[in-house]
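Open the structure in your viewer and keep the sequence panel beside it. This tour goes stop by stop: select, look, move on.

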Amino acid sequence: MKIAAVYGSPRRGKISKTYWLLDAFLAGCRDEGAKIQLINLNEYDIKFCTGCYTCWTKTPGKCALKDDMPKIIEILKEADLEVWAFPMYFFGPTALFKNFLDRTMIFAEPFFEIKDGICTHPMRYEEKSKDKIIISVCGFPEMDHFKPIHEWLKFMEGRGLLNIKAEIYRPAAEFLVAPPFKAKKEEILEATRRAGQEYVRDGIIKEETMRIITQDLMDQEAFIREGNKYWQWEIDRWEAKRKENL
Ligand SMILES: Cc1cc2nc3c(=O)[nH]c(=O)nc-3n(C[C@H](O)[C@H](O)[C@H](O)COP(=O)(O)O)c2cc1C
């Protein structure tokens with residue numbers, strides 16, 4: 001299986017919790033023989049879609065902008081599966097990821113058709129990579145926060161734009177760096193690696209594996225208490241540094 005993994009957190013590398021989960025998931029895929037191409041969106045020059053529709057009219061399937069997007073498109077076309085990995089920013093994907101997504105407009109045809117009672121665009125290619133696995137993390141502790149992202153993806157799926165094979169969501173992700181959660185972090189990342197193995201091997205991620213990945217770290221009261229303590233500590237730390245430098 002060829003996998004294109006699109007990484008869309010503006011945080012580069014090891015401090016990104018999205019990256020932690022993506023890295024673990026891809027390691028599991030590799031364990032079962034998958035070939036991975038990682039697309040770190042931070043490392044590519046991707047201009048904003050200008051809405052000129054050249055990719056639908058003058059040069060069908062080809063964008064007018066000159067940047068790195070054609071390199072990414074080639075990787076996507078070759079892949080059997082895309083993993084989309086982004087943190088939640090304002091209840092949706094990051095601008096970095098959305099910018100990438102807008103530029104995949106070349107995969108759609110301009111024409112209209114009806115699908116399940118409402119209008120959509122047919123796809124230009126029978127893309128091998130229409131299968132997607134979503135990985136996302138967020139700061140708040142409740143799984144409910146992923147509802148808007150889930151609904152958005154499901155709506156796109158209903159319009160025929162993608163097939164969602166699995167959604168891996170990790171709330172309260174920032175707490176995974178806290179020393180008291182070291183064992184939980186390891187358990188969650190091991191389960192995420194297992195999720196990769198299970199998907200490549202069996203085409204499905206076990207419910208038990210998902211349960212471990214999404215497990216609560218603490219109740220809301222503890223989240224609010226510890227979270228507020230942390231932010232106050234950060235503010236005080238910077239305040240002390242500022243005073244030191246006066
Ligand atoms: C601009 C911005 C918007 C955010 N919006 C949300 C949000 O809507 N809901 C949430 O739970 N966390 C939100 N967060 C927190 C991030 O999702 C969280 O810090 C996450 O761990 C970042 O992932 P990363 O480490 O992979 O970059 C936001 C963070 C930033 C910087």
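Start in a loop. Select Ala 172, which sits between β7 (163–170) and α5 (182–202); helices (H or I, at least four residues) and strands (E, at least two) are DSSP runs, numbered from the N terminus. Ala 172 is not a glycine, yet its phi is positive, about 50°. At 3% relative accessibility, Ala 172 is buried. Buried means under 20% relative accessible area, exposed over 50%, and partly exposed in between, with a 1.4 Å probe and protein chains only.

A word on the model before the next stop. It is predicted: local features need pLDDT of at least 70, side-chain atom pairs count only at pLDDT 80 or more, and totals for chains, interfaces and linings use all residues. Residues are numbered from 1 along each chain as its sequence is written, and side-chain values use heavy atoms, with hydrogens and water left out.

Now select Tyr 53. Phi of Tyr 53 is near 60°, a positive value in a residue other than glycine. Tyr 53 lies in the loop between β2 and α2 (69–78). Its relative accessible area is 44%, so Tyr 53 is partly exposed.

**The ligand**

Select the ligand and its shell. Which residues come nearest? Of the 16 around the ligand, they are Ser 9, Arg 11, Ser 16, Thr 18 and Glu 174; a residue counts as near if one of its heavy atoms lies within 4 Å. The shell divides into nine nonpolar, four polar and three charged residues. Here Ala, Val, Leu, Ile, Met, Phe, Trp, Tyr, Cys and Pro count as nonpolar, Asp, Glu, Lys and Arg as charged, and the others, Gly among them, as polar.

Zoom in on the ligand's oxygen atoms. A polar side-chain atom of Glu 174 is 2.5 Å from one. A polar backbone atom of Lys 17 is 2.9 Å from a ligand oxygen. For Phe 140, a backbone N or O atom also lies 2.9 Å from an oxygen of the ligand. On its own the ligand has 640 Å² of accessible area, and the protein covers 78% of that. Accessible areas come from the Shrake-Rupley method with a 1.4 Å probe; for residues, only the protein chains shown count as cover.

**Strand β3**

Select residues 81–87. This is β3; seven of its seven residues are buried, so the rest of the structure largely encloses the strand. Leu 81, Val 83, Ala 85 and Pro 87 point one way, while Glu 82, Trp 84 and Phe 86 point the other.

Add the neighbours. Strand β1 (residues 2–7) pairs with β3 in the parallel sense over five bridges; pairing requires at least two DSSP bridges between the strands. Find Ala 4: its bridge partner in β3 is Glu 82. Strand β6 (residues 131–137) also runs parallel to β3, joined by six bridges. There, Ala 85 has Ile 135 as its bridge partner.

Follow the chain out of β3 to Phe 91, in the loop before α3 (95–102). Phe 91 has a relative accessible area of 44%, so this residue is partly exposed. Draw a C-alpha to C-alpha distance to Asp 80: 28 Å in space, for eleven residues in sequence.

**Cysteines**

Select the cysteines. How many disulfides does the whole structure hold? Zero, where a disulfide is a pair of cysteine sulfur atoms within 2.5 Å. For Cys 63, the closest cysteine sulfur is in Cys 55, 6.1 Å away and therefore too far for a bond. End on Cys 138, buried at 5% relative accessibility.

How values were computed. Polar contact = N/O pair within 3.5 Å; in protein donor to acceptor, adjacent residues only side chain to side chain.
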